[in-house]
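Visitor: I'm new to this one. Could you take me through its salt bridges, slowly and up close?

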Amino acid sequence: MTATDGEDLEDLPPSAKLVFKVLEYDGPLTQKQIVEESMLSARTVRYALERLEEIGIVDEDIYFADARQSLYRLEEPVAADGSGVEESPKNDACCAE
């Protein structure tokens with residue numbers, strides 16, 4: 001299965017969006033932990049993770065506590081100049097002169 005051009009998080013099924021939110025709130029998790037947090041079936045979580053990986057939102061790493069499992073985390077947002085993490089603009093209205 002290949003990702004279509006321009007596929008985004010909005011185009012994914014609700015289960016993939018839920019897995020995204022679980023990872024967003026709870027940080028790096030194994031598939032088993034995502035199943036427990038989301039209350040989705042293991043097969044549904046596996047499919048959602050595949051879809052999220054296809055569009056480059058989720059990254060799979062080795063889980064060092066148990067090498068049989070993988071650790072899933074959200075990809076870091078990249079700045080427009082490619083220099084790493086994109087920083088949000090600081091709007092400090094109280095200190096403006």
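**A close look at the salt bridges**

Guide: Let's set the scene: of the 97 residues in the chain, 24% are buried, where buried means under 20% relative accessible area, exposed over 50% and partly exposed in between (1.4 Å probe, protein chains only). This is a predicted model, where local features need pLDDT of at least 70, side-chain atom pairs count only at pLDDT 80 or more, and totals for chains, interfaces and linings use all residues. Residues are numbered from 1 along each chain as its sequence is written, and side-chain values use heavy atoms, with hydrogens and water left out.

The chain has 3 helices and 3 strands, in the order α-β-α-α-β-β from the N terminus. Helices (H or I, at least four residues) and strands (E, at least two) are DSSP runs, numbered from the N terminus.

Now to your topic. The structure holds 4 salt bridges, each a side-chain nitrogen of Lys or Arg within 4 Å of a carboxyl oxygen of Asp or Glu. Among them is Arg73 with Asp61, whose closest N and O atoms sit 2.8 Å apart. Because Arg73 lies in strand β3 (residues 70-74) and Asp61 in strand β2 (residues 58-62), this pair ties together parts that are 12 residues apart in sequence. Arg73 is partly exposed at 31%, and Asp61 is partly exposed at 27%.

Another pair is Glu24 and Lys21, with closest N and O atoms 2.8 Å apart. They are 3 residues apart in helix α1 (residues 14-26), so about one helical turn separates them.

Helix α3 (residues 42-54) holds both Arg51 and Glu54, and their closest N and O atoms are 4.0 Å apart. Here Arg51 is buried at 12% relative accessibility, while Glu54 is partly exposed at 28%.
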